[in-house]
Amino acid sequence: MTKSKGLFAVFVLMAAIRSAALSTDLILKLPTENQRLQPFWIGLHDRDEEGVFYWLDETQPAKYLSWGPGQPNNFMREDSVGQDCVQINYWSNGSRNWGDQDCGEQVRYICEKYIMSSPLGKKKQSLVVT
Ligand SMILES: [Ca+2]
């Protein structure tokens, strides 16, 4: 999604979490509504090649991965083709790591917001939970 705003353009894309530091920082900011820890979509998938995970804005496989216990497992229900999208999830061992999930599941998501000045300005990144 692009929204023009004067000399600036705002781009929003599902979040790429490329480091442990960013992951830790993000997890601390996740809302815990009603004391219930919820899953959130991030911008990682293996829709093109099973087991090879890419960030939505990259053409090379992701280097930093933070899987929860037993993940990714591409679990297949009878009515699905597997799990090709990735969530930050809550695990019984108390960790807040990633798990692959059916891409059609309706949960909240985390986006990156880029603000670019025109035409060659710097871009800044911030993470937004929606
Ligand atoms: Ca998969």
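Which residue in E6 is the bridge partner of Ile88? The points below come to that residue by way of the overall layout and the strands around E5.

1. **Status and layout.** This is a predicted model. The protein has one helix and eight strands. Read from the N terminus, the order is β-β-α-β-β-β-β-β-β. Two strands therefore precede the helix, and the other strands follow it.

2. **Burial and contacts overall.** The protein has 130 residues, and buried ones make up 22% of them. Take the contacts between residues at least 6 apart in sequence. Of these, 57% join residues at least 24 apart.

3. **Strand E3.** Begin with E3, residues 40-45. Six of its six residues are buried, so E3 is largely enclosed by the rest of the structure. Phe40, Ile42 and Leu44 point one way from the strand. Trp41, Gly43 and His45 point the other way.

4. **Partners of E3.** E3 pairs with E5 in the antiparallel sense, over three bridges. Phe40 has Ile88 of E5 as its bridge partner. Trp41 has Gln87, also in E5. E3 pairs with E4 as well, again in the antiparallel sense, here over two bridges. In that pairing, His45 stands opposite Tyr54 of E4.

5. **Strand E5.** E5 covers residues 85-88. Both of its faces are covered. Cys85 and Gln87 lie on one side, Val86 and Ile88 on the other, and all four are buried. Besides its pairing with E3, E5 is joined to E6 by four bridges, and these two strands run antiparallel.

6. **Strand E6 and the opening question.** The residue asked about is Trp98, the bridge partner of Ile88 in E6. Ile88 is also the bridge partner of Phe40 in E3. E6 spans residues 98-101. Trp98 and Asp100 point one way from the strand, Gly99 and Gln101 the other way, and all are buried.

7. **The largest nonpolar core.** This core has 15 residues. Which of them touch the most other members? They are Ala15, Phe40, Trp41, Ile42, Leu44, Val86 and Ile110. Strands E3 and E5 each supply at least two residues of the core. The largest share, four residues, comes from E3.

8. **Trp41.** This core residue is worth a look by itself. Leave aside residues up to four places away in sequence. Trp41 then touches Met14, Cys85, Gln87, Val107, Tyr109 and Ile110. Gln87 is thus both a contact and the bridge partner of Trp41.

9. **Ile110.** Is Ile110 buried or exposed? It has 21 C-beta neighbours inside 10 Å, so Ile110 counts as buried. Its place is in strand E7, residues 108-117. Ile110 and Ala15 are 95 residues apart in sequence, and their C-alpha atoms are 5.6 Å apart in space. Both belong to the set that touches the most other core members.

10. **The loop between E4 and E5: Pro72 and Asn74.** Two backbone details here deserve a check by eye. Pro72 is found in this loop. The peptide bond from Gln71 to Pro72 is cis, with omega near -5 degrees. Asn74 has its place in the loop between E4 and E5 too. Its phi is near 45 degrees, a positive value in a residue other than glycine. Why does Asn74 count as partly exposed? Because it has 14 C-beta neighbours inside 10 Å.

11. **The loop between E4 and E5: Ser80.** Ser80 also lies between E4, residues 54-55, and E5. With 13 C-beta neighbours inside 10 Å, Ser80 counts as partly exposed. Ser80 and Cys103 are 23 residues apart in sequence. From C-alpha to C-alpha they are 9.9 Å apart in space.

Key: Residues numbered from 1 in each chain as written. Predicted model: local features only at pLDDT ≥ 70, side-chain atom pairs only at ≥ 80, totals over all residues. Core = buried A, V, L, I, M, F, W, Y, C linked by C-beta atoms within 7 Å. Buried ≥ 20, exposed ≤ 12 C-beta atoms within 10 Å, placed from the backbone. Contact = placed C-beta atoms within 7 Å. Pairing = 2+ DSSP bridges.
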